[in-house]
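The following report describes a structure in terms of its salt bridges, its surface charge, one of its helices and some details of its backbone. Please keep the sequence and the model at hand while reading.

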Amino acid sequence: MARYDPKTAEPRQQARWAAADAFRAPDAPTGRPKYYVLEMFPYPSGNIHMGHARNYVMGDVVARLKRAQGFDVLHPMGWDAFGMPAENAAMERNVHPGAWTRSNIAAMRDQLKLLGLSLDWSREFATCEPEYYGKQQAWFLELFRRGLVYRREGTVNWDPVDATVLANEQVIDGRGWRSGAVVEKRKLNQWFLRITDYADDLIEGLKELEGRWPDKVRLMQENWIGKSRGATLWWEIAEAPDFLGTSPEGEPNHARDPIEVYTTRPDTLFGASFLALAPDHPLTRAIAEGRPDVAAFAEACARSGTSEVEIEKAEKLGVDLGVRVRHPFDPDRTVPVWAANFVLSTYGSGAIFGCPAHDQRDLDFALKYGLPVLPVVQPEGAGTVEVGTEAYVGPGRIVNSDFLDGLEVEAAKAAAIARLEAQDRGKGATVYRLRDWGVSRQRYWGCPIPVIHCPDCGAVPVPTDQLPVVLPEDVTFDVPGNPLDRHPTWKHASCPSCGVAATRETDTLDTFVDSSWYFARFANPHADAPIDAGAANRWLPVDQYIGGVEHAVLHLLYARFISRALSDAGLMDVKEPFAGLFTQGMVVHETYRSADGAWIEPADVDLANDAGVRSARRLSTGEPLTIGDVEKMSKSKKNVVAPQEIVDLHGVDAGRLFVLSDSPPERDVQWTTGGVEGAGRFVQRVWAEFDRETGPGSAEADAALRRETHKTIKAVTEGVEQFRFNSAIAKLYAFLGALRALEAAGGDARREALSAFARLISPFVPHLAEECWTRLGEEGMILDAPWPEFDPALAADDEVTLPIQVNGKRRGEIRVARGLEPAEVEALVLADPEVLARLEGQAVRKIVVVRDRIVNLVVA
């Protein structure tokens, strides 16, 4: 018997699929139900590794199942192709970003095709091509006309070496992630999208996604939007430095105006011991003009990490501003005002009141600077309230708070808001953590913002008939900064309104804009309109979206917002773009380093195991290597395995099988040579089984095989539909064992079993499945064969496991024949030694048996 040869079988089957254009989604409705499968499209960095492959193979398994179940399947692929890495490559390698990007796309397309994915390549596009971003410019202008796009001055992180704006996450220890330059805070005119207009709708929509999105992702989005109900109140300034209150010209500058504070805990106002302002709060800046120490503090804060995670982890620091304010409920009492590094100007008004007894951050700050700690919430049943180094943040009743004393927390909040409003010192308010989306980027390789700045007319949209605004090709990167700013001709234009000389907008759009609508363009990527409404309404929402949890907030939130905005603009009907979401785990691999600290690729590593002691040496030089941590596959640490390596050694089906079989898909899987070799052996055993000759069979063996076949169909179908791929594959391994064990089975039972087996393995190992299908003598491709259906009677287990409860608490279990009469179950339970031991001589007063479900014993 010849061994299965993946090197010839896999190209043969891929050629058959390509010749038949097998994966092209129908352009017109067919009467069949639709199913849209989409993996988050990749950035064309240059190479696909098996870490990426796991994501795409998961989607492929779902797509192939749904096709076999009779659905019209849309399973497209494209490229998220704009972004800073291409500009970095241009600077480092003296190559145009477009050339670098398109070369990478070509290489990655070939690598993806090696994986045998059922992708509709006819819908492929890259976001860096004018055919795509020109359509994006068109809908951007539609949102501009609808008031959802605006421009204003905003504070940004500015890298003075790269001459560009950095996201908070790109500022590391106060320095630019790439240049290492000290980051500056600058005020720049920026373009924004009004995502805050949709804050409530975005929260409400999360309820519809319950059970279809991971709970943690929905919670992350809800927290990011951060809707909170509380109070806005005003603290009048009682004392301030003499220089505060007038500008150098002697004009009032409003620095002595009351300080506005938003709080979610107005019930704790009597526990206030200080106010804290953001380092860039207007009052902080005003005092810094006359206080060098305050100016130095604000500058130090501007250089430190600016993400909320970094701020939360940092030591709580502050400086007393020399200002005191009157307590809104007790004007005779004043509290000091500080500037603090943990207060964000982007939340509320950039000012908070500190209640150290009931907020850990405030307590840490108060203890550091010797500020009072005044408990005002007393836990139920507690005596006096004492606060050490941990704040009390639980429920209770209000104390030490005048008219609020004795009220529970929620009632006290309402009473405090009512008193503030009655005294005109505050009002109830709802605020959001979410801020409008700043989409301006000071770089070349992005979608040009289609606006012209006229000295007379202001910001004027580019007329629709002049779209797309195409990036110029003749740019250089020998000077830091945005090449569009210094291009000799591109930025010069005439005002569309009045005709005078004007200037194009040289900022480009955030790449998250590119990925906020691509799923809708896939419905018809050749349409003249940005979105073919008919096609989008037919295919959307995406039924199954697959990608990493790192995109839980930004990409997914922006896509949900843009879908709503485009729907309201009449471009499509669907507002919630992703009906189902799955966040997969990563493929991880050991890392290897040489003596000089260089990372070494696994392909250049020879591993040894001497009496349990593992060692590694470099194949190319023989030098010893250090075995490092198991980490996510990444090019930077070179712990990647390329698809071509797997194709050459084991065949791509073995690689596909391994990345899905070794752990649940939401968890990480560690790539091991032994693991993929084991998958390769399974491929060979499957092929051998289809090549094995059997006799006519016996009635008993045939019946047993039919039962196993239908149980396997049920288990694999449920496993794939519930994203338990590893469980489905384990059942396939077990079924292969059953086929070999039931050697006496033959005839129709065996043929039925093998036919079902070939179709069940086809989503996981499609090339092998096609070869097996042909080996069975079936016509056509298994790709077009219907998914096998199980007979519930044959798929039912002969036995069931019944939990045994004693007085409502689980104390054991028992295996019994399915459908056994309750009286017979009672007898078996009362004769079971483990149950008797649990009873410890107690009399059984009653036994309740729910057939095939549970047994409950009530004892005295």
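## A salt bridge at helix α23

Arg 751 has a relative accessibility of 40% and therefore counts as partly exposed in this predicted model. The side chain of Arg 751 forms a salt bridge with Glu 778, in which the closest N and O atoms are 3.3 Å apart. Because Arg 751 belongs to helix α23 (residues 747-761) while Glu 778 lies in the loop between α24 (766-775) and α25 (792-795), the pair ties together parts of the chain that are 27 residues apart in sequence. Glu 778, at 27% relative accessibility, is likewise classed as partly exposed.

The helix that carries Arg 751 has 15 residues, and its first and last C-alpha atoms are 21 Å apart, which is close to the 21 Å expected at 1.5 Å a residue. Of these 15 residues, 11 are buried, so α23 is largely enclosed by the rest of the structure. The buried residues of α23 include Ala 749 and Arg 750 in its earlier part, and a run from Ala 753 through Leu 754, Ser 755, Ala 756, Phe 757, Ala 758, Arg 759 and Leu 760 to Ile 761 is buried as well. As a general point, an α-helix has 3.6 residues a turn, so residues three or four places apart point the same way.

## Overall architecture

The chain contains 27 helices and 35 strands. Taken along the principal axes, the C-alpha atoms fill a box of roughly 105 × 85 × 65 Å. Of the 860 residues in the chain, 51% are buried.

## Other salt bridges

Across the whole structure, a search finds 44 salt bridges. One of them joins the side chains of Arg 32 and Asp 72, with an N to O distance of 2.8 Å. Arg 32 is placed in the loop between α1 (6-19) and β1 (34-39), and Asp 72 in strand β2 (residues 72-74), so this contact ties together parts that are 40 residues apart in sequence. The two partners fall into separate classes of exposure: Arg 32 is partly exposed, at 47% relative accessibility, whereas Asp 72 is buried, at 4%.

A further salt bridge brings together the side chains of Asp 359 and Arg 361, with 3.9 Å from N to O; since the criterion asks for a side-chain nitrogen within 4 Å of a carboxyl oxygen, this pair falls inside the cut-off. Asp 359 is partly exposed, with a relative accessibility of 26%, and Arg 361 is partly exposed too, with a value of 24%. Besides such pairs, the structure holds a network of salt bridges that links Asp 201, Arg 560, Arg 564 and Glu 576.

## A patch of negative charge

On the surface, Asp 330, Asp 332, Asp 402 and Asp 405 gather in a patch of negative charge. Asp 330, one of the members of this patch, is found in strand β13, which covers residues 330-340. The relative accessible area of Asp 330 is 30%, so this residue counts as partly exposed.

## Details of the backbone

Two peptide bonds that precede proline deserve a look. A cis peptide bond, with omega at about 0°, joins Leu 467 and Pro 468, and Pro 468 is found in the loop between β21 (458-461) and α13 (483-486). A cis bond also joins Leu 540 and Pro 541, again with omega at about 0°; here the proline, Pro 541, is found in the loop between α16 (533-539) and β25 (544-547).

Positive phi values occur in residues other than glycine, among them Asn 94, whose phi is near 55°. Asn 94 has its place in the loop between α3 (84-93) and α4 (97-114), and with a relative accessibility of 74% it counts as exposed. Asp 424, which is not a glycine either, has a positive phi of about 60°. The loop between α12 (409-422) and β17 (426-431) holds Asp 424, and this residue, at 66% relative accessibility, is also exposed.

Methods: Residues are numbered from 1 along each chain as its sequence is written. This is a predicted model: local features need pLDDT of at least 70, side-chain atom pairs count only at pLDDT 80 or more; totals for chains, interfaces and linings use all residues. Side-chain values use heavy atoms; hydrogens and water are left out. Helices (H or I, at least four residues) and strands (E, at least two) are DSSP runs, numbered from the N terminus. Buried means under 20% relative accessible area, exposed over 50%, partly exposed in between (1.4 Å probe, protein chains only). Patches are made of residues with over 30% relative accessible area and no salt bridge: like charges are joined within 9 Å, nonpolar side chains (Val, Leu, Ile, Met, Phe, Trp, Tyr) within 5 Å. Accessible areas come from the Shrake-Rupley method with a 1.4 Å probe; for residues, only the protein chains shown count as cover. Lys and Arg count as positive and Asp and Glu as negative; His and the chain ends are not counted. The place of a charge is taken as NZ of Lys, CZ of Arg, CG of Asp or CD of Glu. The expected span of a helix is 1.5 Å times one less than its number of residues.
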